[in-house]
There are 2 protein chains.
Amino acid sequence: MSNSKNRIKDIAKLAGVSVGTVDRVLHERGKVSEVAMKKVQDALEKINYEPNLLARTLGTKKKHQIAVLIPNAESDEYWLQSKEGVEQAASEWAQYDFQIAYYFFDLSDKRSFNQVAEAVYQAQPDGILVSPIFYQETLPFLAFFKNKSVPYVLFNTNIPEVRAISFIGQNLYESGKVGGELASLGHQGYGTFAVLHIHEEIQNSVHLIEKEKGFRAYFEENHPGRILVKSLSLSSSQEDGITELLADPDLNGILVTTSKGISMIAALLEKSGRKGIKLVGYDLLENNIAYLKTGTIDFLIHQNPRRQAYLGINYLANHLLLKKVPPSEVLFPLEIITPQNVNSYLNYILKIY
Amino acid sequence: MSNSKNRIKDIAKLAGVSVGTVDRVLHERGKVSEVAMKKVQDALEKINYEPNLLARTLGTKKKHQIAVLIPNAESDEYWLQSKEGVEQAASEWAQYDFQIAYYFFDLSDKRSFNQVAEAVYQAQPDGILVSPIFYQETLPFLAFFKNKSVPYVLFNTNIPEVRAISFIGQNLYESGKVGGELASLGHQGYGTFAVLHIHEEIQNSVHLIEKEKGFRAYFEENHPGRILVKSLSLSSSQEDGITELLADPDLNGILVTTSKGISMIAALLEKSGRKGIKLVGYDLLENNIAYLKTGTIDFLIHQNPRRQAYLGINYLANHLLLKKVPPSEVLFPLEIITPQNVNSYLNYILKIY
DNA sequence: CTGAAAGCGCTAACAG
DNA sequence: CTGTTAGCGCTTTCAG
């Protein structure tokens, strides 16, 4: 009974109504009598109808607009990569009349988020991709669109209670554990391991605390009682605390939770001349890559911002066009970059995204 | 003058001919006078025409068939994963009338390849995805289709001289280097490192030799003269040589180049009771994952067969439908799996592919 | 050789 | 409320 190629015309015939009526119930456009509705629904249950998307989008003049809210990409390598992922997805959906509007806000200024939010209200997009860095200001923003039943997907940072159609990111806690694992590779004995939060605004702290918890959990689970974990939270200007830390003769490894922070530590470590301290950081930023290749940084954990954003647009487009519901949460693998495999990542990214 | 939305009708009007004629020159169907041809070409140069794919595929009744030639997936976890990638891609392209026909051959029997090849000749597919395990028998097979200008993409193993529209795989040499890096993590001093080829048919040896070269190169570049690299090539029945190897007190790390081989070594290592030997293998097979989680295996390098196959089908479909030419070679990143990040991979794969 | 015209499956405007 | 109909842009017969 569930044949593959059923057209709208077929179900109309089966139901004994016209295609117009079928189309109306399919799209819940109203203006259908109870009895007609029933007939169509019965027919729909008998045969398995899958709309032909080609015909659908060809026959409709609707243009979809997706609003993308991310931190200013100009000044920031990480967010630039997100933007590239969006662009890639956008180009693939362009033929279906999807259009992307970017709204950049300033990472260091909550009010800038409210400003772009205002612009998004005006634009009345059909879907939204947002990285909700600012918790408090994101809440009313998304509530507004939830109310208008405009779908939105979150990426990078999650706010579960806004009930997005999907969240795309990483498990930060697990990420911290991998950080611990990498920082301690080859160290079986006692020692000191540090987790540093650098350069980051206060708003982001939940993000970083999660990683720190994972980092600590790793040592508790795998080297209980044998290892001291230190935590330092610094802005880039306070190099003193770090210099002091690097002087600790027991220090064996460091995880820096912010993608931009690790290269600063790498520089200080090189200056100090110390060897044997494992440095673990995040993401394929230019500086990070350079220090990884020289061996000062030992490992980078890749958050894959490109693919996160790419997937976000895909989910939105599929939802809008096909009413496909995406997974409510997809957590990316915790990819480990080393001096030996970094080139394989860089080459791949160039070709694929 | 290259406006975006130019229909075939527009260029017809501009050229002063009918849409039928334009369509004929667009598809080189012949039956067009020199003068008409000229007019259309002139028009085509004036305005930038991009065909509407939706309309194109809707208006044509052509069904595309893609032949997939891979080793029998029933008995083999690795190839099963490839097959799953094909299925995923197939489901995404189904609406465009793409159909997949599988042709499984026996990894241990060259003649079985010739048999399925025969079947493929009969089927006259429009595109081919093949993993060319058997060099000699693949050559004439692909020559046949090159001659018929049926596009084919290779994955997993490359044969550059057949000039596929694309090859998807990994850089085996670099992969071996990463294997060396991982096997030697935490070992600064002298020592023995082994690279083992297990379970594999002779036909595959090029594959494995490449990895071994990379493995050796890693040590030469990073620990010159200080480390002894041993190489052993074994079928699964010859456990003696391995037991002997494991008894070597200088042994620090092992890379097993075949995805199925590593779990056998892991079992023997556990039995021997020795500690501190780094074990590095390939791929997320069930047994491998189990040994990784218990810590007997330290690292796995992920070849991502799912995504390789998935991408292969995508390239073929895009080529057939859109005449898009894929990158002639895409080398996948050398993904490193550890006890701490393995779950993040397993969860991700479940959701995405 | 060439133009006209009938679809492909779906949407949406329009009479009734 | 409901059926009919004219497209969407491209392909593909089919007369001429």
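## Exercises on a predicted protein–DNA model

In this predicted model, a polar atom in the side chain of B:Arg7 lies 3.2 Å from a phosphate oxygen of DNA strand D. The exercises below begin with that strand and then turn to the two chains and the sheets of chain B.

**Exercise 1.** Describe how the protein meets DNA strand D, beginning with side chains at phosphate oxygens and ending with the class of the residues.

*Solution.* Step 1: besides B:Arg7, whose polar side-chain atom is 3.2 Å from a phosphate oxygen, B:His27 places a polar side-chain atom 2.8 Å from a phosphate oxygen of the strand, and for an N or O atom in the side chain of B:Asp23 the distance to a phosphate oxygen is 2.3 Å.

Step 2: the elements that contribute two or more residues to the surface near the strand are helix H2 (19-26) and helix H4 (53-59) of chain A, together with helix H4 (53-59) of chain B. The largest share, four residues, comes from H2(A).

Step 3: of the 24 residues around DNA strand D, those that come nearest are A:Ser33, B:Ile8, B:Asp23, B:Tyr49 and B:Arg56. On the DNA side, sugar and phosphate make up 74% of the atoms of the strand that come within 4 Å of the protein.

Step 4: sorted by class, the surface near the strand consists of nine nonpolar, nine polar and six charged residues.

**Exercise 2.** How many residues of chain B are in contact with chain A, and which residues of chain B lose the most area there?

*Solution.* Step 1: counting contacts, 40 residues of chain B touch 40 residues of chain A.

Step 2: the size of an interface is often expressed as the accessible area lost when the parts come together. Between chain B and chain A this buried area is about 3500 Å², and carbon and sulfur atoms give 56% of it.

Step 3: on the chain B side, B:Leu54, B:Gln340 and B:Tyr348 lose the most area to chain A, and together they account for 21% of what that side buries.

**Exercise 3.** Work out the strand order of the sheet with mixed pairing in chain B, and explain why one side of each edge strand lacks a neighbour.

*Solution.* Step 1: the sheet is open and has six strands in the order S7-S6-S8-S9-S10-S12.

Step 2: strand S7 (227-234) and strand S12 (335-337) of chain B stand at the edges, and because each has a single partner strand, one side of each is left without a neighbour in the sheet. From one strand to the next, the twist averages 20°.

Step 3: strand S6 (residues 191-198) of chain B pairs with S7(B) in the parallel sense over eight bridges, and B:Phe193 has B:Val229 in S7(B) as its bridge partner.

Step 4: helix H8 (residues 172-183) of chain B lies across S6, S8, S9, S10 and S12 of that chain, running at about 155° to S9(B).

**Exercise 4.** Describe the sheet with parallel pairing in chain B, and state which strands helix H13 touches.

*Solution.* Step 1: this open sheet, also of six strands, has the order S2-S1-S3-S4-S5-S11. Its edge strands are S2 (98-105) and S11 (329-331), each of which pairs on one side only.

Step 2: strand S4 (residues 152-155) and strand S5 (residues 166-169) of chain B run parallel and are joined by three bridges, with B:Phe155 opposite B:Ile168 in S5(B).

Step 3: helix H13 (residues 305-322) of chain B packs on the sheet and touches S1, S2, S3, S4, S5 and S11, its direction making about 155° with that of S1(B).

Key:
Residues are numbered from 1 along each chain as its sequence is written. Chains are lettered from A and ligands numbered from 1 in the order in which they are written. This is a predicted model: local features need pLDDT of at least 70, side-chain atom pairs count only at pLDDT 80 or more; totals for chains, interfaces and linings use all residues. Side-chain values use heavy atoms; hydrogens and water are left out. A residue is near a molecule or strand if one of its heavy atoms lies within 4 Å of it. A polar contact is a pair of N or O atoms within 3.5 Å; within protein, one must be able to donate a hydrogen and the other to accept it, and residues adjacent in sequence count only if both atoms are side-chain atoms. Ala, Val, Leu, Ile, Met, Phe, Trp, Tyr, Cys and Pro count as nonpolar, Asp, Glu, Lys and Arg as charged, and the others, Gly among them, as polar. Two strands pair if DSSP finds at least two bridges between them. Axes are lines fitted to C-alpha atoms, for helices over the stretch in contact, and angles run from 0 to 180 degrees between N-to-C directions. Contact means heavy atoms within 4.5 Å. Buried area is the accessible area (1.4 Å probe) that two parts lose on being put together, summed over both.
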